[in-house]
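Me: I'd like a close look at the inside of this protein. Please explain any special terms as you go, since I'm new to this.

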Amino acid sequence: MTPVMRTARTAVAVLTVAALAGCGAKVDESAEDTSASSGHYPVTVSNCGVRTTYDKAPQRVVTNDVGIAEIMFALGLEKHMAGYVAPDYRAGRQDVPWKDGYDKVKWLSKKQINKEMVLDAKADLVFAGWNYGFGEGDNFTPASLKKLGIGSYVLTESCRSGTGNERGVMPPLEALYTDLTTLGKVFDVEDRAAKLVAEFRKKVADAQAGIPKDGKRPSVFLYDDGRDKPVTSGAFAGPHDIITKAGGDHVMGDLKDTWTTVSWETVVDRRPDVIVINNYGAVTAEQKKEFLLSYPPLKDVPAVKNKQIFVLDYVDLVESPRNPDAIAALARYLKGIRAS
């Protein structure tokens, strides 16, 4: 399920420092990212506020979740992967430019990632996120992996912040661009990373070209799941930038968190014009739509009254190379609403 738990940033700093030391890497407290003048390595990068020096590129990376695997595929790093762990989400895997990655890299499991999986894969690095695989509850953390001699890279969207339970330290698209750029340095594919970031920025700019500079922006609520209380996204999860860059007004954009839970009363009070459904899991998008349209407290919400409900897949909405295309798709939908 989409992650909703958050923990303190200070913990991730300590844990990640310890973990990355296990991947032929060492912590470096210097002020700037650097490479040795005699070659690319050693190279120093910052990940969730922790600086680490790599003496060589990891060779047996295991990723957790589909969006994270596709970040590696988009960078052309299949040869550096021992496998990926991900549920069988509905989003098509044959319609993306990096579809060959799914054929080249072993699908290790559809179940929750654990130490046994990564040990069996002889992993030297695990690329996951807090509540995208990493979590104290299962003792699957950078610190616990470090004890096994396995390094970790933390998905930037999931970086822990402050001293509370919240996650998120930068806008969602910047998190994607940051991971592409940082991993480009780690694996010595900086040119490819820079090209991807430029292409993605252009896709977003092209999607925004047709959005009126003035006038009312349709307000949008992201519905992930939940009947008693809805799971949604705040300012630091992918949907925030997807909604706002597509010309919408994110009704939960004031929540300084990634994925979180709100009350239905809050949704009713904010009266979204559009609801975007996150399509994943056992409950289908159609079932979610039927629930929203039939749930009595929502009957006067404009999105429900006008049946303005749009569906995006899970991998579109979490940090992934599909985010720019999701922005373009939602922008087209919102344009149609403004024109009607």
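Reply: Here is a walk through the interior, beginning with the chain as a whole and ending with a single side chain. The model is predicted, so local features need pLDDT of at least 70 and side-chain atom pairs count only at pLDDT 80 or more, whereas totals for chains, interfaces and linings use all residues. Residues are numbered from 1 along each chain as its sequence is written, and side-chain values use heavy atoms, leaving out hydrogens and water.

The protein chain holds 13 helices and 15 strands (DSSP runs numbered from the N terminus: H or I of at least four residues for helices, E of at least two for strands). Of its 340 residues, 56% are buried (under 20% relative accessible area with a 1.4 Å probe, protein chains only; over 50% is exposed, and in between is partly exposed). Among contacts (heavy atoms within 4.5 Å) with a separation of 6 or more, 70% join residues 24 or more positions apart.

Now for the largest nonpolar core (buried Ala, Val, Leu, Ile, Met, Phe, Trp, Tyr and Cys residues joined through side-chain atoms within 4.5 Å). This core has 64 residues, and F127 and F187 have the most contacts inside it. Helix α13, residues 323-339, gives the most to the core, with eight residues. In general, nonpolar side chains in soluble globular proteins tend to be buried together.

Zoom in on F127: leaving aside neighbours within four places in sequence, its contacts include V61, Y153, L155 and L183, along with I68, I71 and M72. Those last three, I68, I71 and M72, are among the buried residues of α2. In fact, nine of the nine residues of α2 are buried. Just after α2, G76 takes a positive phi of about 70°.

Helix α2 (66-74) also leads us to the second largest pocket, as do α3 (100-104) and α7 (190-208), since each supplies at least two residues of its lining. A pocket is an open set of points on a 1 Å grid over the protein atoms alone, with protein on both sides within 12 Å along at least five of seven lines; a cavity is a set where a 1.4 Å probe fits but cannot get out, and lining residues have an atom within 4 Å of a point. This pocket has about 210 Å³ of space (the volume filled by probe spheres set on the points, which are joined across faces, edges and corners). Its lining has 15 residues, with A74, P97, W98, R192 and L196 nearest the centre, and α7 gives the most, with six. By class, the lining has six nonpolar, two polar and seven charged residues (Asp, Glu, Lys and Arg are charged; Ala, Val, Leu, Ile, Met, Phe, Trp, Tyr, Cys and Pro are nonpolar; the others, Gly among them, are polar).

Elsewhere, helix α8 (residues 238-245) has six of its eight residues buried, so the rest of the structure largely encloses it. Just after α8, G247 takes a positive phi of about 100°. G247 also helps line the largest cavity, together with residues including I211, P212 and R338. That cavity has about 30 Å³ of space, and four of its lining residues are charged.

Last comes N279 in strand β14, residues 274-279. N279 counts as buried because its relative accessibility is 10%. Its side chain reaches the backbone nitrogen of A285 at 3.4 Å.

How values were computed. Polar contact = N/O pair within 3.5 Å; in protein donor to acceptor, adjacent residues only side chain to side chain.
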